[in-house]
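The following exercises introduce a protein model through worked solutions. Please study the sequence and the model before reading on.

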Amino acid sequence: MRLSTFSDYSLRVLLYLGERPSGLISIGEIAAWHEISESHLMKVVLHLGRCGYVQTVRGKGGGLRLARPPADIGLGEVLRQTETDFAMADCFGTTYPCRIDGICRVKGVLREALQAMFLVLDSYTLANLLADPDVLPLAEESRHA
């Protein structure tokens, strides 16, 4: 399975905000730090806000912050909210014609693998990813390095 760009950017936003728990952060700052599209990040942040992960403050001096503590943001939960398709093969869909459907065991094995992946993801939170301050250096520190 491969994460979509949308999920990748969602995780980047959450990590960035989690590393900076005080104050408000702009979308432009996150986009510049990761060297990604600001307009694409706006869509991501809007979605993360609707899901209850990010709080947005409008107006002068506004910005973003986490809406929940990092320990309350599960990785499996985030990916379920940001990914649209977990079909690991075409035969997971309803419109794919398969001549061996019903006797093939591949679908069951792949379904079990997907469940195992989510068991692992569900055991981690954003806080687990923020535990090591050396993993994601603060933007200010990296600019001066």
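Among contacts in the protein chain between residues at least 6 apart in sequence, what percentage join residues at least 24 apart? The share is 66%, where contact means heavy atoms within 4.5 Å.

The model is predicted: local features need pLDDT of at least 70, side-chain atom pairs count only at pLDDT 80 or more, and totals for chains, interfaces and linings use all residues. Residues are numbered from 1 along each chain as its sequence is written, and side-chain values use heavy atoms, with hydrogens and water left out.

**Exercise 1. Describe the overall make-up of the protein chain.**

Step 1. The protein chain has seven helices and two strands. Helices (H or I, at least four residues) and strands (E, at least two) are DSSP runs, numbered from the N terminus.

Step 2. Read from the N terminus, the order of elements is α-α-α-β-β-α-α-α-α.

Step 3. Of the 145 residues in the protein chain, 30% are buried. Buried means under 20% relative accessible area, exposed over 50% and partly exposed in between, with a 1.4 Å probe and protein chains only.

**Exercise 2. Determine how helix H1 is placed against H2 and H3.**

Step 1. Two packed helices are described by the angle between their axes and the distance between the axes. Axes are lines fitted to C-alpha atoms, for helices over the stretch in contact, and angles run from 0 to 180 degrees between N-to-C directions.

Step 2. For H1 and H3, the axes come within 10 Å and cross at roughly 75°. H1 is therefore roughly perpendicular to H3, a term for angles of 65 to 115 degrees; those under 35 count as roughly parallel, those over 145 as roughly antiparallel and the rest as oblique. On the H1 side the contact involves Thr5, Phe6, Tyr9, Ser10, Val13 and Leu14, and on the H3 side residues including His40, Leu41 and Val44.

Step 3. For H1 and H2, the axes come within 11 Å and cross at roughly 110°. This crossing makes H1 roughly perpendicular to H2. Arg12, Val13, Tyr16 and Leu17 of H1 meet Glu29, Ile30, Trp33 and His34 of H2.

**Exercise 3. Locate the buried side of helix H4 and its link to Ser7.**

Step 1. In H4, residues 75–82, the buried residues are Leu75, Gly76, Val78, Leu79 and Thr82. They lie on the same side of H4, because they cover an arc of only 160° around the axis; the arc is that of the directions from the helix axis to the C-beta atoms.

Step 2. These buried residues pack against helix H1 (5–19), helix H3 (38–50), helix H5 (106–122) and helix H6 (126–130).

Step 3. Ser7 belongs to helix H1 and counts as buried because its relative accessibility is 0%. Beyond its neighbours within four places in sequence, Ser7 is in contact with Leu79, Thr82 and Glu83.

Step 4. The side chains of Ser7 and Thr82 are joined by a polar contact of 2.7 Å. A polar contact is a pair of N or O atoms within 3.5 Å; within protein, one must be able to donate a hydrogen and the other to accept it, and residues adjacent in sequence count only if both atoms are side-chain atoms.

**Exercise 4. Work out how the two strands are paired.**

Step 1. Strand E1 (residues 54–57) and strand E2 (residues 63–66) run antiparallel and are joined by four bridges. Two strands pair if DSSP finds at least two bridges between them.

Step 2. Thr56 stands opposite Leu64 of E2, and Gln55 has Arg65 as its bridge partner.

Step 3. The strands form a hairpin with five residues between them, and Gly59 in the turn has a positive phi of about 90°.

**Exercise 5. Compare the settings of Ile27, Glu35 and Ser39.**

Step 1. Ile27, in helix H2, is buried because its relative accessible area is 18%. Leaving out residues up to four places away in sequence, Ile27 touches Glu38, Leu41, Met42, Val45 and Leu64.

Step 2. Glu35 lies in the loop between H2 and H3 and is exposed, with a relative accessible area of 74%. Most residues other than glycine have a negative phi. Glu35 has a positive phi, near 55°.

Step 3. Ser39 is in helix H3 and is partly exposed at 48% relative accessibility. Its side chain makes a polar contact of 3.0 Å with the side chain of Ser37.

Step 4. Ile27 and Ser39 are 12 residues apart in sequence, with 9.0 Å between their C-alpha atoms.
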